[in-house]
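Visitor: I'm new to reading protein structures, and I'd like to know where the labels come from. Could you show me one and let me ask about them?

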Amino acid sequence: MTILFLLLSTTLNAQKFHFNNTSLDNKTRVEMVLSQLTLDEKISLLSSNLGVPRLGIPRCGHYEGLHGLTLGGPGKWGLIYRLADGTTVHQPFPSTCFQQEYGMGETWDPELIRLIGDAEATDARWYAQSPKSRVEHCLVMRAPNADLARDPRWGRTEESFGEDAYLTATMACAMIHGLQGDNPRYWKTASLMKHFLANSNENGRESSSSNFSERLFREYYSFPFYKGITEGGSRAFMASYNAWNGTPMCINPVLDSITRREWGNDGIICTDGGALRLLVSAHHAYKTLPEAAAAVVKATTGQFLDDYKDAIKQALKDSLLSVNDIDKAIRYDLNVAVRLGLLDGDDTQNPYASIGKDTTVAEPWTTDSVRALARRAMDESVVLLKNDEKAHLLPLDFNRVHDILLVCDSTQNFADSIHQDWYGGTMAYGVTIADAFRELAESTPGLTVRTERVGNMTLDSRQLHAVDGADVVICIAGNEPVGGTDKWAAVLRSDYGREGKDRDSLNLPDEQWIRQVWQRNTNTVLVLLSSFPYTINFSQEHLPAIIHATHGSQEQGHGIVDVLSGRYNPAGRLTQTWPKSVADLPPMMDYDITHGRTYMYNSRPVLYPFGYGLSYSKFKYGKMKVGAGSDGDLMVTIPVTNESKIAGDEVVQVYASFHDSKVVRPIKKLVAFKRCSFKPKEKKAVSLTVHRSDLEYWNTETHSWTLEPCSLVLSYGPSSHTTMTSPLSHIKILSDGKFIIDRGDIVISIGRSVKI
């Protein structure tokens, strides 16, 4: 006993504070910190800064990270560092820059998304810990965005993985796993999801209410957040500006009753920037700021992105708020701090604490492996929308293509520049489309690449002559991600969108000059760089080839040219329904998606369906087999053959339809997918698990997930529109939760306790 006491005493004496003792459990350490805080320190912890200088807990705030750690970029994020004399300096710092989250979703590759999150977290740890860094701790990452892109007019569609709740939840969980790491005790960074909940209109977002049912709350809008917490492991999210059914989200009772008590989020909930004041000035929920501030804290929202201290102090003085209320809210913040290792002092067991400490190791964003990851991510995200077999333009054949003309709008200059959105970071380098083509020309004898920039949406006579002489013309068009202006919530064109501004049009004005090009030279390819869908009906009808990609990647040029040249066989898939016309969409503020919104409920013809994307390979699907998976889930096996001589990826998709349902169910819904690589002529049996939980609906009578007795039909294929069924696709769900599959020669019964 004496020896044990001496060892413990020695350990504690080596620590400045008792809560530094890593042998104690996290809950005990958090309570130790809480007991030592002054009232001013408690109020300070209601900010986005987790630091407590007096107790040796380092400053640690939020940083944007939708597609890379953001230390600069158009939004000028995170540019503050402190000099020795205490003054602050504003300066951008480089990091790894990937494509927009919308483009990440188009990879349909969760493992790739996990690697992206891991690379982003490594950048953040380096800046937090390297002796060469002048950036304050940046370990709470505002990523991923778990919002759903229910309407292509939404100005922030670029920040979403797509319109489908299952796909978005899968990708969000993958990003969270990458950001936070796989250590059971420590996080690499903390993943703070945005924006809870149903925040998909920009116009009027400060006061609008997103109105929909309890079922849609559970099955659609909150589903990616639910999975992000319960399966991804995130313990942080940002409450959105809007209300749900009349109650602003930063004070909504569901924050505590559902996300904390039911789902288990024992970490950060923060407001969006300026949301406190909007409770008074926009929502008119309270008359005064102290009343509003008290309500925010009582809702267990523990961090303000606002000027809040005076309001909190007045709320305490007026007995609108108690210190116990503040303790409850900031206890959640400290739960995140301990997982990041901020309470460890020098006695850390954190496996991520060494990142950046060795000054002889290269900065992570400069390494060949990270550059290769950024290029792979861009390659995988490119979607081939059209490739006319008769024209046979793509992939480019350099035995007959010797002169390539790149044409783009003079204002956007997409050929020679990479455009960042409001949450883009500072690139250490960037490869433009023109850069990548010049590299290609250097290694391809006889290849010439020229560039023309179009002004005022029309080509002059010299440019038309240049079009005439080209073997292939590549038109590069799309949106300017920050709207083409420095003015907040403003855009120069009606088809542009951004934070604070929804799109007024889905038409692509550039089709005016694209038409001119095509009329002079039918060997025209459209490279559509866009953050959201466009109604490119003319291009789809007339141009022989179209590809889509998003903005923001430092490897944008390589990714585009890799696909055009055939160095990479495209396999990106759309994550949103592309309509033929804006007139086909329900009213913007109709949040009831059962009124014809998304592929799940839309019955109108579309330009491109959800899940759509072409390849240079030809894939053939065989008959699906269905059997028992673990715990009563369904195991689906689909024979897929690459019939071509070209290696490539295929994204195999499985959808569920519910016949004879007593409630409104989707026409079909995604329940499984897998991106698979195939060698030339290779045949594979692709196995996917359809979880029974993904076949349930939210029962508003029992307020629980329910597996409904009905006829289930599983369809499969390369998109939501191109699907097929097999004899085993038709499954009966019984009232006891068993699946019955009548194969003709044998009846298969699958239940939770049955293993076949």
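Visitor: What makes cysteine 475 in β17 the bridge partner of valine 407?

Guide: DSSP is the judge here: two strands pair if DSSP finds at least two bridges between them. β14 and β17 (residues 472-478) share 5 bridges in the parallel sense, so they count as paired, and in β17 valine 407 is matched with cysteine 475. By the way, this is a predicted model, where local features need pLDDT of at least 70, side-chain atom pairs count only at pLDDT 80 or more, and totals for chains, interfaces and linings use all residues. Residues are numbered from 1 along each chain as its sequence is written, and side-chain values use heavy atoms, with hydrogens and water left out.

Visitor: How do you know that β14 also pairs with β16?

Guide: Same kind of check! β16 (residues 448-454) runs parallel to β14, with 7 bridges joining them, and the rule asks for at least two, so that's a pair. Over in β16, glutamate 452 stands opposite valine 407.

Visitor: Why is β14 called a strand, and why "mostly covered"?

Guide: A strand is a DSSP run of E, at least two residues long (a helix is a run of H or I, at least four), numbered from the N terminus. β14 spans residues 403-409, so it passes. As for covered, 7 of its 7 residues are buried, meaning under 20% relative accessible area (exposed is over 50%, partly exposed in between; 1.4 Å probe, protein chains only).

Visitor: What makes a space a pocket and not a cavity?

Guide: On a 1 Å grid over the protein atoms alone, a 1.4 Å probe fits in a cavity but cannot get out, while a pocket is an open set with protein on both sides within 12 Å along at least five of seven lines. There are 4 cavities of 30 Å³ or more, and the largest has a volume of about 250 Å³. The largest pocket holds about 720 Å³ of space.

Visitor: How do you know which residues line the largest pocket?

Guide: Lining residues have an atom within 4 Å of a point. The largest pocket has 32 of them, with Ser48, His62, Trp77, Gly78 and Arg142 closest to its centre. β1 gives the most, 5 residues.

Visitor: Why are 12 residues of that lining called charged?

Guide: Asp, Glu, Lys and Arg count as charged; Ala, Val, Leu, Ile, Met, Phe, Trp, Tyr, Cys and Pro as nonpolar; and the others, Gly among them, as polar. Sorted that way, the lining of the largest pocket has 11 nonpolar, 9 polar and 12 charged residues.

Technical notes. Grid points are joined across faces, edges and corners, and a volume is the space filled by probe spheres set on the points.
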